[in-house]
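I opened my notebook for a friendly look at aromatic rings and the strands around them. Here is what I had on screen.

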Amino acid sequence: MNIDINSVDLNEDYFHFTNIKNVESILNEGLKPMVGAASKMIDDRPNVSISQGAKGVMGIVNSFVFMLANRSISNIPEEFRKYFPEIDDFSSQKLVGKELACRAMERKLKEEVYFRVNVAEEEVNEARIGGLTGFDVNLPYGIDKSKLQLITENDNVMSAYDVCKFIYEKAKNMLIFPL
């Protein structure tokens, strides 16, 4: 099942991002608790990580960039190395740095998609808050496929990069203080 990005609540809805290669199995089987690449970076337990609203979506991106930028090249997780084609020697102790981390994150997001996750407030109350951002909602159980909707725009699946771009453009065009 899909949902157009213009129909999601960017303040209250919950979101989960994953590699586009996982979409078919998630649509068939739902989300299962696991220790993904981000969870490995912080030695987390198996869970399903979701984030709330645009703040959560952008917070995850920012956290990935921060975590990667402040690691030595030799400590880039194996799953992330393909996003660093500029690096030939992964044994270096030099820090990755913000510029390389941002480019890698952009590449990663272009291979990923977002699901809207319909969870009840009582389910969220059972979760542990933490994860990579410090405010991810980490559910210790799976999410049934009937509670998941792939985010689209005009019936086209959006990459996670495009979802983030949409959120950024929407925020950028808002007047916070009247002139």
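Entry 1, strand partners. I began with Phe 15 and found Arg 116 of S4 standing opposite. This is a predicted model, so I keep that in mind for every entry. I then looked at the strands themselves: S2 and S4 run antiparallel to each other, with 6 bridges between them. S4 also pairs with strand S7 (residues 148-153), again in the antiparallel sense, over 3 bridges. There I noted Phe 115 opposite Leu 150 in S7.

Entry 2, how enclosed is S4? I checked burial and got 6 of the 6 residues of S4 as buried, so the strand is largely enclosed by the rest of the structure. I also wanted to know which way the side chains go. Glu 112, Tyr 114 and Arg 116 point one way from S4, while Val 113, Phe 115 and Val 117 point the other way. For Tyr 114 I wrote down a relative accessibility of 1%, and under 20% means buried.

Entry 3, ring pairs. How many aromatic pairs does a search of the whole structure find? I got 5. I looked up Phe 17 with Phe 64: the ring centres are 5.9 Å apart and the planes stand at 75 degrees, so I logged the pair as edge-to-face. Phe 17 belongs to strand S2 (residues 14-19) and Phe 64 to helix H3 (residues 53-69), so this pair ties together parts 47 residues apart in sequence. Phe 17 is buried at a relative accessible area of 15%, and Phe 64 is buried at 3%.

Entry 4, another partner for Phe 17. Phe 17 also pairs with Tyr 114, and I logged that pair as tilted, with 5.4 Å centre to centre and 45 degrees between the planes. It links distant parts of the chain, since Phe 17 is in strand S2 and Tyr 114 in strand S4 (residues 112-117), 97 residues apart.

Entry 5, the cluster. Which residues do the ring pairs link into a cluster? My list reads Phe 15, Phe 17, Phe 64, Phe 80, Tyr 83 and Tyr 114.

Entry 6, lysines over rings. I found Lys 108 over the face of Phe 64, at 5.7 Å from the ring centre. Lys 110 lies over the face of Tyr 161, and there I noted 4.7 Å from the ring centre.

Notes
Residues are numbered from 1 along each chain as its sequence is written. This is a predicted model: local features need pLDDT of at least 70, side-chain atom pairs count only at pLDDT 80 or more; totals for chains, interfaces and linings use all residues. Side-chain values use heavy atoms; hydrogens and water are left out. Rings of Phe, Tyr and Trp (its six-membered ring) pair if their centres lie within 6.5 Å; planes under 30 degrees apart count as stacked, over 60 as edge-to-face and the rest as tilted. Helices (H or I, at least four residues) and strands (E, at least two) are DSSP runs, numbered from the N terminus. Buried means under 20% relative accessible area, exposed over 50%, partly exposed in between (1.4 Å probe, protein chains only). A charge sits over a ring if NZ of Lys or CZ of Arg is within 6 Å of the ring centre and within 35 degrees of the ring normal. Two strands pair if DSSP finds at least two bridges between them.
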